[in-house]
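Colleague: I'm new to this one and would like a close look at a single part. Could you walk me through it slowly?

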Amino acid sequence: MLSVDEVKQSLQSAGQLHVLQFWPELSEEDRDVFLQELSLLDLQELKEHCEGAARAAASPPVRLDQHMEPVLSQFIGSVTKSDKNTLAQWENEGLLQISKNRVGVLLLAGGQGTRLGVQYPKGMYNVGLPSGKTLYQIQAERIHKIQELAEGKHGTKCTVPWYIMTSEFTLAPTEVFFKENNYFGLEPSNIMMFEQRMIPAVTFDGKVILQSKGKIAMAPDGNGGLYQALVDNNVLEDMKKRGVEYLHVYCVDNILVKMADPVFIGFCISKGADCGAKVVQKAYPTEPVGVVCRVKGVPQVVEYSEIQPYTAELQGPDGELVYSAGNICNHFFTRVFLQDVAEKFKSQLKQHVAIKKVPFVDTCGNQVKPTKPNGIKMEKFVFDVFPFSRNFVVFEVLREDDFSPLKNADGTATDNPTTARNSLLSQHCRWARAAGATLLDEDGNTLLPADRVSSAGNPPAKCEISPLVSYFGEGLEQLLKGKTLQTPLILDEKRAEELQTQ
């Protein structure tokens with residue numbers, strides 16, 4: 001640990017001496033804790049970080065329109081435009097690699113649930129499903145099921161290790177939650193949690209923000225902090241030791257995420273890709289999602305704020321959007337590519353500006369909760385490694401099957417607990433009907449196949465199918481064909497056994 005004088009000297013040369021303005025008021029214990037925190041900071045880089053953040057926040061947004069072009073068709077796969085045989089081949093390839101223990105999943109779970117309005121990690125959130133399952137439980141059960149499907153097809157017991165990147169805010173509660181829930185039946189040694197780095201939040205004039213008299217306001221370094229965290233926590237070594245060659249990386253808040261999706265993995269492997277992205281068609285031209293495209297011939301995600309409306313609205317000959325590939329933070333990487341990024345490219349990742357409301361302590365020592373944005377958090381994004389790929393591919397999937405994020409509290413228009421819950425229930429209703437079941441409402445009336453929530457906001461039928469019963473709708477026909485089922489219905493393993501005997 002550094003001495004007070006060493007820290008003071010470093011802060012002074014970085015123009016950040018105000019950080020110690022309340023030092024005389026701190027207790028001996030608080031001083032020790034604060035000194036330890038400051039010692040962990042890269043004080044040599046602090047000046048550059050603060051000046052860079054202020055400069056970036058003041059810069060006008062970059063416009064990339066004139067340099068953009070769509071990804072070439074030969075590098076795109078699609079669940080809707082591919083024939084059944086091709087999809088089956090990709091799925092078989094994915095299941096084969098899973099059966100050989102070559103596939104891992106990596107969850108990005110370092111963010112706080114600020115917009116959702118909760119004080120705990122998003123993965124612990126219960127969206128109000130009939131079963132009461134949290135996002136973590138749903139994801140754990142999908143890992144169970146995909147292992148089972150690969151085992152069933154290839155007759156070998158296999159493991160899909162689960163790497164979970166947390167942050168200072170989410171590590172301890174996530175560890176406790178998993179322990180309390182017996183790791184959802186997964187082997188604890190196959191779940192590895194690790195922390196991403198934290199970096200200081202900065203004012204618009206480039207000063208580090210004090211959260212309290214003896215603590216700097218810190219924030220996770222964005223999901224692109226993954227690449228540094230892989231190195232800091234020896235995660236790549238662990239993957240190599242386990243024989244993991246392919247990694248499926250995804251965000252915690254997508255209730256429809258298919259863990260280690262064998263079709264996606266099989267597609268990427270069959271194309272010889274080192275890096276791949278799942279995309280959904282944008283719902284409308286100006287939807288606030290990044291677009292996967294090429295910039296000066298190099299694959300990249302261009303943020304919606306970097307595109308002019310006329311570019312967003314460009315249409316091809318069939319009337320489809322030219323830039324329709326919406327990024328959903330759902331990626332494929334080879335371990336070798338990640339090793340390359342860690343060794344050669346991670347220092348080249350660009351920084352993105354996030355303007356936030358950051359609670360702080362004012363010059364008089366009073367705690368202030370700002371009502372408008374007052375600070376800058378610099379973030380890296382996981383997709384910023386796309387330009388370093390030697391063979392980048394895109395895989396188009398249907399939004400209703402693959403993407404429904406949980407970002408906001410109920411009461412907002414989109415991406416809230418109600419929309420996430422309804423997306424999952426709608427999907428399960430479609431699965432049940434496709435398997436030949438008739439669903440009844442609570443009064444015994446036959447439910448019409450209205451897959452989506454009506455304009456009146458009525459939810460779909462409460463038909464929930466456990467991932468332990470079906471991963472993506474497979475295997476339901478033998479259980480449900482010709483059956484009439486009362487809703488609300490939770491089709492878990494016990495109920496499935498009952499239906500089999502009927």
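Which domains does the domain assignment of the protein chain give? Please take me to the place where they touch.

Modeller: Sure, but bear in mind that this is a predicted model, where local features need pLDDT of at least 70 and side-chain atom pairs count only at pLDDT 80 or more, while totals for chains, interfaces and linings use all residues. Residues are numbered from 1 along each chain as its sequence is written, and side-chain values use heavy atoms, with hydrogens and water left out.

The assignment gives domain 1 (65-401) and domain 2 (434-501); such bounds come from an automatic or database domain assignment. Taken over C-alpha atoms, their centres are 30 Å apart. Where they meet, domain 1 puts in 18 residues and domain 2 twelve residues, with contact meaning heavy atoms within 4.5 Å.

Together they bury about 1200 Å², and carbon and sulfur atoms give 66% of that. (Buried area is the accessible area, with a 1.4 Å probe, that two parts lose on being put together, summed over both.) On the domain 1 side, P130, E141 and K145 supply 39% of the area buried against domain 2, more than any other three residues.

What about polar links? Six residue pairs, both residues at pLDDT 80 or more, are in polar contact between the domains: N or O atoms within 3.5 Å, one able to donate a hydrogen and the other to accept it, with sequence neighbours counting only if both atoms are side-chain atoms. Salt bridges across the interface number zero, by the rule of a Lys or Arg side-chain nitrogen within 4 Å of an Asp or Glu carboxyl oxygen.

Lastly, look at helix α5 (residues 135-154): its seven residues are the largest share of the side of domain 1 that touches domain 2. Helices here are DSSP runs (H or I, at least four residues), numbered from the N terminus.

Key. Helix = DSSP H or I, 4+ residues; strand = E, 2+ residues; numbered from the N terminus.
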